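Visitor: Good morning. I have a structure open and would like to understand how to read it. Could you go through it with me?

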Amino acid sequence: MTDNINGMKRTHYLDELRASDIGKTVVLMGWVLRRRDHGGVIFIDLKDIKGLTQVVFNPEHNSESHGKARQLRSEFVIAVKGIVRSRPDESQNSNLATGEIEVFVDELRILNRSKPLPFVIDEDDNIEVSENLRLKYRYLDLRRESMQKKLVMRSNVARSVREFLYENDFLEIETPFLTKSTPEGARDYLVPSRVTPGKFYALPQSPQLFKQLLMVSGYDRYFQIVKCFRDEDLRADRQPEFTQIDMELSFVEPDEIMEIMDKMMAKIFKETLDIELTLPLKRLPYDEAMEKYGLDAPDLRIPLELVDVSDIFAESGFKVFSSAVSKGGIVKALKLDGGSDKLSRKDIDDLTDFVKIYGAKGLAWIKINPDGWQSPIVKFFNDDEKERLQGRLRLNPGDIIFFGADTKRVVNEAIWRLRAHIGKKLGMLDDDAFSFVWITDFPLMEYNEDEKRFDCVHHPFTAPNDEDIPLLEDKDKLVYSKSYDLCLNGSEIGGGSIRIHSKELQNKIFKMLNIDEESAREKFGFLLDALEFGAPPHGGIAFGLDRLIMLLCGAESIRDVIAFPKTQKATCLLTDAPDKVGTKQLNELSIKLNVIE
RNA sequence: GGGGGCGUAGUUAAGUUGGUUAUAACGCCGGCCUGUCACGCCGGAGGCCGCGAGUUCGAGUCUCGUCGCUCCCGCCA
């Protein structure tokens, strides 16, 4: 039997009571985390979203409530009315915020009972529960303290963001979820239209075009914390529906946007972790990032840099290196100071297997021993090559060098993965550090060998650097853009650009991308039209809120910072979505299934 | 689409070379216990070893398939 809440009003959250409250009569409500029944006195650890307070049932104090308390089990929901008392000196608990006091219960109401749980909610039991069970009973998983902390932090970050942006004249404006499919980019989630049979809405991959239109409309600083949808395969840090902090500003240059975002990050870190960021956040041009780290989102906590040694080995007798260069590829080296005795032959074999995942065909290496170079490849080097390598890398006894030789793409990919892998494996980075870097000046486009055409690095609305606009005519010239990504500890957490606000330039870019006028018209006609009616210069940025929260709270999976996430197969174990629908619903949507088994 | 890992009481795990009745801890149920805080002590119940084939005198263990979860590659302007 359960009791009614009637007439009871909660007076305190369960993290609030202190010694100064001793003597007060209070009403507490929450969940039974633990019970310690001594036959006589019964202790209950009562828990809510804020914290935990010990309540005590003593048969001499109140035998009726004590008798009732014997029924209590894990996760019963109760209300208690009683007196705050000091705990005896020897039984104060300094691990608890409320550990000086306890509540002596006069009245107990059992508001609801709980069946035995499918897994323990008390995390002090230190049992790691399998994730599919957690996801099936997500409402219980979310009741666990560690999950509550993460979602509370998520809410706090969202609040900091909103406060900051409101203070800086941003307006929060919603944009449609039921919108139009865009041609390139990720796969769209489609929604059939009932009233227009055979036609579909798409869920937005981002509010990109709408926020640009808002700039045309004069809402010169817009933001939105908004869901975006991309129907692609999942990863530990990627869900098909995810949340962006989306922004757009008029009359700005990249510098101003980065400056404002620096301040926003500083506020978030100050208010959620009490960490003071040093501003301005570091900036690094794309080309330099690729040269030194091999990717556009380097983890700068790792004190290792890649060194291009292509020129040294262009004519080498070691054909693996020289032929890579002659085919237009590169040779890059990664040196570990004093790494020689940290990595066994077995470790090196494992690293070789590791880089093969990313397309490398092998992993060349040299150990610089006191008595000479140890390596399977060094016998192919001549003295000049050895000397230049020595000079370029400043080698010392005890060092080890790894090499990648292949196309630029493969070498950079394999060696940056190696750099990150070794950095973590050898404990070269501080797990608690937060290392930001802006990557700027991305190329506007890159040539796609497979499709024999140019692809956008960012998206087709990104503005080229002004001085590069004349170069657009020349297919061989690299054109850079007014773009910027913010990276934190090797993860891209946000990215944006200044947009094109001239119809002529936008059309020129479409043309270069092999988007013909007709399809540009069909897909983006409304944007092109809008650009002709006083579109101001504008640009923006979007942050991945989920990834940011992950990094802030040290979660290893994006699922840990999303209340109701999808599994890797994009299903929901709690609701069992996606699911079949009846023929009536399908008929209304003019949909006939054609499932290929 | 491809590669790796995992799947054994409610939970987390152990389970030897294929060999009697499949173990343990926590949880659950019952009893005892008036200062615990992961309370303690005694007792008990609880199993389609993910599912399906196969090999074998005999399969939790070996083989194949399949399902689920997960990590990665491809994919993610």
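Guide: The questions below go from the whole chain to single residues in this predicted model.

Visitor: How many helices and strands does chain A have?
Guide: Chain A has 16 helices and 22 strands. Its C-alpha atoms fill a box of roughly 95 × 75 × 55 Å along the principal axes.

Visitor: What share of the residues in chain A is buried?
Guide: Of the 597 residues in chain A, 48% are buried. Among the contacts in chain A with a separation of 6 or more, 68% are between residues 24 or more positions apart.

Visitor: Let us take one helix. What can be said about the length of α4?
Guide: Helix α4 covers residues 145-167, which is 23 residues. From its first C-alpha to its last it reaches 33 Å, close to the 33 Å expected at 1.5 Å a residue.

Visitor: Which residues of α4 are buried?
Guide: They are Met147, Gln148, Lys150, Met153, Arg154, Val157, Ala158, Ser160, Val161, Phe164 and Leu165.

Visitor: Why is there a pattern of three or four places in a helix?
Guide: An α-helix has 3.6 residues a turn, so residues three or four places apart point the same way.

Visitor: What do the buried residues of α4 pack against?
Guide: They pack against the helices α2 (131-136), α3 (138-141), α6 (254-273) and α15 (545-553), and against the strands β9 (221-229) and β10 (241-250). After α4 comes aspartate 169, which has a positive phi near 70°.

Visitor: Now the RNA. Which residues come nearest to strand B?
Guide: There are 56 residues around RNA strand B, and Asp37, Glu60, Ser91, Glu102 and His458 come nearest. Of the RNA atoms within 4 Å of the protein, sugar and phosphate account for 50%.

Visitor: And what classes of residue make up that surface?
Guide: The surface near RNA strand B has 21 charged, 18 nonpolar and 17 polar residues.

Visitor: Which part of RNA strand B lies 3.3 Å from the side chain of threonine 571?
Guide: A phosphate oxygen of the strand is 3.3 Å from an N or O atom in that side chain. Elsewhere, backbone N or O atoms lie by sugar or linking oxygens of the RNA: the distance is 3.3 Å for glycine 185 and 3.4 Å for valine 457. The elements that give two or more residues to the surface near the RNA are β1 (25-37), β2 (42-47), β5 (101-112) and α2.

Visitor: A change of topic: how many disulfides are there?
Guide: A search of the whole structure finds zero. For cysteine 228, the nearest cysteine sulfur is that of cysteine 456, 18 Å away. For cysteine 572, the nearest is that of cysteine 228, at 20 Å.

Visitor: Is cysteine 572 buried or exposed?
Guide: Cysteine 572 is buried, because its relative accessible area is 9% and buried means under 20%. Cysteine 228 is also buried, at 0%.

Visitor: Where does phenylalanine 402 lie?
Guide: Phenylalanine 402 is in strand β16, residues 400-406. It counts as buried because its relative accessibility is 0%. Beyond its neighbours within four places in sequence, its contacts include Leu334, Leu343, Ile348, Trp365 and Ile422.

Visitor: What about threonine 175, in which part of the chain is it?
Guide: Threonine 175 is in the loop between β6 (171-172) and β7 (190-192), and at 13% relative accessibility it counts as buried. Its side chain makes a polar contact of 3.0 Å with the side chain of glutamine 224. Leaving out residues up to four places away in sequence, threonine 175 also touches Pro207, Phe210 and Leu214.

Visitor: Lastly, where are there cis peptide bonds?
Guide: One joins leucine 279 and proline 280, with omega about -5°; proline 280 is in the loop between α6 and β11 (283-285). Another joins alanine 577 and proline 578, again with omega about -5°, and proline 578 is in the loop between α15 and α16 (583-588).

Visitor: And what is the phi of glutamate 75?
Guide: It is near 70°, a positive value in a residue other than glycine. Glutamate 75 is in the loop between α1 (63-69) and β4 (77-86), and it is buried, with a relative accessible area of 3%.

Note on methods: Residues are numbered from 1 along each chain as its sequence is written. Chains are lettered from A and ligands numbered from 1 in the order in which they are written. This is a predicted model: local features need pLDDT of at least 70, side-chain atom pairs count only at pLDDT 80 or more; totals for chains, interfaces and linings use all residues. Side-chain values use heavy atoms; hydrogens and water are left out. Helices (H or I, at least four residues) and strands (E, at least two) are DSSP runs, numbered from the N terminus. The expected span of a helix is 1.5 Å times one less than its number of residues. Buried means under 20% relative accessible area, exposed over 50%, partly exposed in between (1.4 Å probe, protein chains only). Contact means heavy atoms within 4.5 Å. A residue is near a molecule or strand if one of its heavy atoms lies within 4 Å of it. A polar contact is a pair of N or O atoms within 3.5 Å; within protein, one must be able to donate a hydrogen and the other to accept it, and residues adjacent in sequence count only if both atoms are side-chain atoms. Ala, Val, Leu, Ile, Met, Phe, Trp, Tyr, Cys and Pro count as nonpolar, Asp, Glu, Lys and Arg as charged, and the others, Gly among them, as polar. A disulfide is a pair of cysteine sulfur atoms within 2.5 Å.
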